[in-house]
Structure formats: C-alpha cells, structure tokens
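Dear colleague,

Please find below the structure that I am handing over to you. My findings come after it.

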Amino acid sequence: MRKKRQQEELAQQQQQLQLQEPFYVRANASTFPSSVEIKASPKDEISSLGSGDRPNVTILAPISICLGAMLCYIVAGAFTLHKLEGWSFVDASYFCFMSLSTIGFGDMVPGSYPRPNPAESRNVTVWFCSCYIMSGMALTAMCFNILHDEIVHRLTHQDKQEQVKASPSVDELTTDPFALTS
C-alpha cells in the first residue's frame, strides 16, 4: 500500500508540473509540494498571482527566449550603430557585445569618426549608446537571473525525482500475504 501511495504522490506531482509548465509559473523548490494549488481555470491562476497571496511563486521563461532576446538586442544595437556611425555591421556587433559584456576594450569609440555634421551626429550617438548600454545591462542581468533560476530549479527537481525513484519502501513485502496455498 505504501508503494502504491508513493506512486500516486509521484504521479500527482508530475501532473502538477505538467499543468504549470505552459504558464511558466512555479513555486519555489522548498515549498513546491505543499504550496501548489490547482486552479479551476487559467484566469483564476493569473488573478491569484496578482493578489499577493502566493509570495513563493516565480515566473520563468525558457532558456531559448532569454538567449534570443539577448541576440535580438545586440543585432538591433548593431544595426542602429551601423546607420548612425557608418561602421560595418560586424564592427557594430563587436562593439555592442563588448559593451554589454562589460569587457569594453576601448578600441572602438562612438562619435570619434569624422561625419558630415559632427556636432549633431556625435550627440545623437553618445545619447543612443548611453541609453543602449544602460538598458542592455538591465536586460543582461534579468536574463542571467532567469537562466540561473531555471538551472537551479531543474537540478533540484532532478534530484527529488531520483530520490523518489531510488528509495525502496521499508515494509515492502516480497510475497503476497493473502495468497492462498493449498
């Protein structure tokens, strides 16, 4: 009976995980089994998140979305710098990556190349780069935080599944006590 109950609990936990995955809403690993409630509809789930009654809930995104957002941000910045500064697309991409990764060698400086209208072009480029780098650093930090949470969740969830599968029941019977022998 204990083995059957463990299997039912495992199936219930897996069902709860499957219900949550499409919404990318999970309870923290320490409170997962006890704090997850199944709502009647997705509308109820969303309304309960905004009400503040579940402080241990984190919203996660797939790793591919985070990496795609970073790539799109670098490409958009490179395209803008290509148009503003007249740099090649590869040089502009290099500058964007180096700036957002905080390496910043300083070999490429926006506004330092001669342009037809130097004062106006330099100011626009400097303002664009300032806003681009500040918002890019926020995006980078957010994506790293989401990736970290996703990896930690997967590792702790994997450990819990292995423990449940590996733990044999203490009072598991090897023979059926109700078998009739004649």
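The notes that follow concern helices, aromatic pairs and the nonpolar core.

Please bear in mind that this is a predicted model.

I begin with two of the helices. Helix H4 covers residues 63-85. Its end C-alpha atoms are 33 Å apart, in agreement with the 33 Å that its 23 residues should span at 1.5 Å a residue. Its buried residues are Cys66, Met70, Tyr73, Ile74, Gly77, Ala78, Leu81 and Glu85. After H4 comes Gly86, which has a positive phi near 80°.

Helix H5 is made of twelve residues, 89-100. From its first C-alpha to its last it reaches 16 Å, close to the 16 Å expected at 1.5 Å a residue. Buried in H5 are Ala92, Ser93, Phe95, Cys96, Met98, Ser99 and Leu100. Just after this helix, Thr102 adopts a positive phi of about 60°.

Turning to the aromatic side chains, a search of the whole structure gives three aromatic pairs. One of these joins Trp87 and Phe95 in an edge-to-face arrangement, with 5.4 Å from centre to centre and 70° between the planes. Trp87 has a relative accessibility of 5%, and because this is under 20% it counts as buried. Phe95 is likewise buried, with a relative accessible area of 9%.

Phe128 and Tyr132 also form an aromatic pair, which is stacked: the centres are 5.6 Å apart and the planes 25° apart. Both residues lie in helix H6 (residues 118-166), where a separation of four residues places them about one turn of the helix apart. Phe128 counts as partly exposed, at 23% relative accessibility, whereas Tyr132 counts as buried, at 6%. Together with Tyr73, Phe128 and Tyr132 form one aromatic cluster.

The last topic is the interior. The largest nonpolar core contains 18 residues, and those with the most contacts inside it are Leu81, Trp87, Phe95, Cys96 and Tyr132. Helices H4, H5 and H6 are the elements that give two or more residues to this core. In soluble globular proteins, nonpolar side chains tend to be buried together.

Which residues does Phe95 contact, leaving aside its neighbours within four places in sequence? They are Leu81, Trp87, Met108, Pro110 and Cys129. Of these partners, Leu81 is a buried residue of H4, and Trp87 is the residue that pairs edge-to-face with Phe95.

With kind regards

Technical notes: Residues are numbered from 1 along each chain as its sequence is written. Side-chain values use heavy atoms; hydrogens and water are left out. The expected span of a helix is 1.5 Å times one less than its number of residues. Buried means under 20% relative accessible area, exposed over 50%, partly exposed in between (1.4 Å probe, protein chains only). Rings of Phe, Tyr and Trp (its six-membered ring) pair if their centres lie within 6.5 Å; planes under 30 degrees apart count as stacked, over 60 as edge-to-face and the rest as tilted. A nonpolar core is a set of buried Ala, Val, Leu, Ile, Met, Phe, Trp, Tyr and Cys residues joined through side-chain atoms within 4.5 Å. Contact means heavy atoms within 4.5 Å.
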